[in-house]
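This briefing goes through a protein model, starting with local backbone detail and ending with the chain as a whole. Please keep the sequence and the structure in view while reading.

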Amino acid sequence: MGRQERPLDPSAGPVQRFAFELRKLRQEAGGVTYRVMSRRTPYTVPTLSRAASGEQLPTLQVALAYVEACGGDREEWERRWHLAAEDATLGAAEDDAAPPYQGLARFESGDRERFFGRDQLLGDLAELVRGRRFIAVAGPSGSGKSSLLRAGLIPLLQHTEEPHERPAAVVIFTPGEHPVGTHASRLMPKDTAGDTVVVVDQFEEVFTLCRDATERGEFIDLLLTARRPDSRLRVIIAIRGDFYGRCAEYGELALALRDASLLVGPMSPAELREAIVKPAAASGLIVERALTARIIDEVEAEPGGLPLMSHVLLETWRRRRGRALTEAGYEAAGGLRGAIAKTAEDLYTRLTPHQADVARRILLRLIIPGERAQDTRRPAARSELDTGRSDDTALVLERLARSRLVILDDDTVDLAHEALITAWPRLVAWIEEDREGLRLQRRLTEAAGAWEDLDRDVGALYRGVRLAVACDWAAREGNRDSLNAPERAFLDASVGLREQERAVTARRNRQLRYLAAGLAMMLLVVTGISVVAVQQRQDAVQAHRVALSRQLAAQALGLAESRPGTAMLLSVEAYRVAPTPEARGALLTMSAHEYYRAELAGHTDAISEVAFSPDGVLATVSRDQTLRLWDAQRRRQLATLSGHATWLRAVKFSPDGRLLATGGDDKHVVLWDVPARRKVATLTGHTQQVEDIAFAPDGRTLASAGSDGTVILWDTERRSRQSTLSGHTGFVNAVAFSPDGRTLASAGSDSTIRLWDTATGARLATLTGHAQSVDALAFSPDSLTLASASQDQTAMLWDVGRHTRKATLTGHSGQVRAIAYSPDGRTVATTGHDNTVMLWDADRHIRRATLTGHTSNLYTLAFDPRGHLLASAGEDGTVVLWDPTRIPLSGHADRVNKVAFSPDGRTLATAGDDGRRTLGRRRPHP
């Protein structure tokens with residue numbers, strides 16, 4: 001039978017009461033023995049027996065094992081254990097002894113005697129400070145950076161045995177929202193001996209609280225002045241590890257930190273043991289070995305666990321048993337991960353609903369929600385936390401401070417440590433519940449502060465989208481109540497300004513509507529006037545166009561004979577400007593001039609002669625001493641040959657078109673290679689200027705006529721003279737071979753034409769009939785007829801076989817200087833000093849057309865080999881191209897009234913006001 005247990009007094013305190021209740025549970029379970037209970041649990045009989053002895057509160061694990069062995073409710077007894085532990089804590093310490101641990105509060109320089117476990121790191125930091133003037137201490141939140149500087153480095157420097165290392169002064173601050181405006185004066189060295197040490201704690205605030213990038217840069221530049229050897233400053237910054245990378249945004253700062261940074265890592269097990277045991281020992285306390293080992297194991301596995309350890313040790317100290325910090329007290333405090341949450345939760349549940357809401361608003365104002373970074377704490381002025389019920393705000397702040405969850409520093413309130421942000425689940429839930437709303441409220445707080453700083457300038461108020469978002473957030477339940485007086489005033493002023501602007505806009509819109517109505521009426525009146533004005537203007541414009549069209553039509557008709565090309569363009573433009581009867585008449589009149597094709601310009605002086613090659617290349621020679629070759633179909637110049645430097649009077653192509661001959665005032669005949677565009681020979685023999693040239697049909701003989709009264713025949717292959725024909729008594733002006741090659745004709749200033757036998761050189765006949773000099777000759781394609789042109793203003797046709805005159809063509813009013821047969825022999829073309837080209841029917845000897853367009857004397861003309869083009873040229877230096885196939889029918893002396901075709905379409909009859917009736921046979925188009 002077991003030993004009788006000592007009686008318990010449930011009124012003797014929470015420990016004996018809890019033990020009494022355990023025993024009662026065992027009795028209700030049938031008085032099960034401790035040996036049986038031991039078999040049901042992992043604990044021994046003595047351990048289970050001590051749990052109900054009433055000497056000390058058992059651990060939570062032992063108590064729950066005892067309950068399960070007796071068949072009790074585990075959750076109910078866990079609640080009872082926590083109540084007993086809390087009650088035991090409240091009465092555990094009856095003295096006013098100072099706690100050996102800081103809890104969530106950071107160490108200060110006065111806490112040096114309780115700062116343990118960082119000797120090695122402190123030595124490294126001190127060595128770095130001695131060698132550098134700018135140092136950074138970086139590490140994750142909860143690694144102990146602030147405590148290392150405040151309770152480690154500063155006391156070490158102030159109490160060093162080396163006088164020259166002792167600082168003249170130590171300045172400690174956090175940047176805040178306006179680091180330059182607040183702390184610039186504190187960065188001046190003291191006048192006393194030694195360097196001034198400046199410690200900038202929580203340097204990450206320059207990124208989280210300071211919104212002005214310019215001020216941030218100025219503050220960093222002020223700190224970096226410490227690098228100068230003569231600055232008499234030593235600056236140490238403490239920055240959270242997740243913000244260390246942002247220092248690279250500033251080149252000089254990154255350069256300064258390259259070899260002057262100290263990384264604060266986790267404490268080793270030995271260092272953790274010092275931090276746990278030595279503060280307790282300094283206060284005459286002991287820590288159970290099992291508790292020490294348990295805390296070390298748990299802290300090593302918890303990143304940033306130092307604040308958690310410090311807080312749980314403080315709470316365990318409050319639950320100590322005599323001089324001992326026990327594992328039971330540790331569990332009653334909630335353990336490493338639950339101590340902060342238990343402290344905060346216990347405080348929160350003891351507050352009234354309204355006080356709890358005030359606590360929530362206070363704590364959320366002390367947090368800045370991270371944007372792709374951890375959430376951070378935010379110091380706030382007491383006035384910012386006042387939302388209208390200052391008594392409740394002051395009471396809640398006092399209780400938060402008493403529980404060491406916040407720090408009250410003069411007029412500033414701050415979280416005791418950032419560990420509270422992640423360690424208290426209720427606070428985490430509050431943040432996640434409206435993270436974007438918290439960011440919006442922070443921006444609203446900043447905007448309201450700026451508005452107050454600017455003496456409530458309306459320019460600083462919210463407008464547009466920002467105001468709409470802020471009003472939407474404030475309209476949600478409870479959000480407006482969380483605003484302080486300046487924030488509510490700012491938001492109300494913004495809304496008031498919006499309503500005022502809306503009223504102004506509405507009034508302006510009404511005025512605009514009235515104005516629009518008035519303008520509409522005016523517009524109707526103006527429109528009526530405008531329609532009349534536009535119509536009048538259109539009438540005026542139309543009248544102007546009609547007048548201009550008539551003027552252009554008149555100009556076209558005036559230039560029809562002298563400048564047909566220009567006249568055609570003017571007639572088209574006249575009709576385009578306005579289709580008046582005059583413009584239509586001019587257009588129809590100029591359509592009769594469709595035989596005009598183009599002008600070729602390039603020579604700078606009179607053109608003496610033109611000639612076509614068999615393949616249609618046009619050659620021209622001029623007084624400007626140049627020979628030019630043209631593509632007549634495309635109206636472009638092919639080449640300019642200038643190797644014959646004299647007034648060139650004659651040019652001809654050989655029958656195969658590969659050779660070309662020119663003659664002029666230098667008495668020479670020059671032969672040219674047409675494809676190569678080069679001179680190949682110069683024939684000399686004339687004693688005066690060369691007037692004309694002609695190739696025999698076989699191309700082997702060339703005849704040249706000169707002012708010396710002779711005709712010289714040349715061998716074109718040997719480039720030598722064959723014979724000389726003489727007989728003319730003056731200049732020989734023209735020479736021509738018959739197409740059959742049997743006859744050579746020459747004409748001269750003696751008014752005669754002489755025919756020569758090309759085989760023997762004998763003179764066959766002398767033709768007379770012209771009254772003045774004969775200047776041009778042309779054989780018909782069948783060699784039966786010879787045409788001549790004379791300065792007596794006539795052209796004559798001669799029967800070559802009978803040596804008689806067949807017809808005299810009259811009509812020119814000036815000298816006839818050139819004559820040519822069309823390739824089909826049906827048309828003779830003549831030209832001269834009356835500036836016209838006349839086309840004659842070679843069979844009927846009547847004039848078919850008169851072509852006008854030149855403005856000066858004409859000297860030459862030529863048909864192209866197909867007969868589709870006729871080229872003429874003269875004194876004005878231009879070549880006019882005509883289409884002889886598009887000649888209008890003529891013959892009437894007055895207006896033509898009627899036309900009609902015969903049934904077979906070959907004959908056209910016309911009748912006009914001149915009383916004539918004309919029958920014309922339609923020629924097929926070549």
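At a relative accessibility of 23%, asparagine 835 counts as partly exposed, because the buried class takes in only residues under 20%. The model is a predicted one, and the values below are computed from it.

**Loops with positive phi**

- Most residues other than glycine have a negative phi.
- Asparagine 835 has a phi near 65 degrees, which is a positive value in a residue other than glycine, and its place is in the loop that joins β35 (827-832) to β36 (836-841).
- Serine 751 likewise has a positive phi, near 70 degrees, although it is not a glycine, and this serine lies in the loop between β27 (743-748) and β28 (752-757).
- Serine 751 has a relative accessible area of 15% and is therefore buried, since that value falls under the 20% cut-off, whereas asparagine 835, at 23%, is partly exposed.

**Nonpolar cores**

- The largest nonpolar core holds 58 residues, and within it Met309, Trp424 and Leu427 are the residues that touch the most other members.
- When residues up to four places away in sequence are not counted, leucine 427 touches Leu363, Leu364, Ile367, Leu420 and Ile421.
- Another core lies apart from the largest one and consists of 27 residues, including Ala136, Phe203, Phe207 and Leu223.

**Overall form and secondary structure**

- The protein contains 26 helices and 43 strands.
- Its radius of gyration is 63 Å, while a compact globule of 926 residues would have a value near 29 Å.
- Taken along the principal axes, the box filled by the C-alpha atoms of the protein is roughly 180 × 75 × 70 Å.

**Burial, contacts and surface**

- Of the 926 residues in the protein, 49% are buried.
- Among contacts in the protein with a separation of 6 or more, 57% are made by residues that stand 24 or more positions apart.
- The exposed area of the protein is about 44400 Å², of which carbon and sulfur atoms supply 50%.
- The protein carries 118 positive and 120 negative charges, and the mean positions of these two sets are 5 Å apart.

Conventions
Residues are numbered from 1 along each chain as its sequence is written. This is a predicted model: local features need pLDDT of at least 70, side-chain atom pairs count only at pLDDT 80 or more; totals for chains, interfaces and linings use all residues. Side-chain values use heavy atoms; hydrogens and water are left out. A nonpolar core is a set of buried Ala, Val, Leu, Ile, Met, Phe, Trp, Tyr and Cys residues joined through side-chain atoms within 4.5 Å. Buried means under 20% relative accessible area, exposed over 50%, partly exposed in between (1.4 Å probe, protein chains only). Contact means heavy atoms within 4.5 Å. Helices (H or I, at least four residues) and strands (E, at least two) are DSSP runs, numbered from the N terminus. The radius of gyration is taken over C-alpha atoms; the globule rule is 2.2 Å times the number of residues to the power 0.38. Accessible areas come from the Shrake-Rupley method with a 1.4 Å probe; for residues, only the protein chains shown count as cover. Lys and Arg count as positive and Asp and Glu as negative; His and the chain ends are not counted. The place of a charge is taken as NZ of Lys, CZ of Arg, CG of Asp or CD of Glu.
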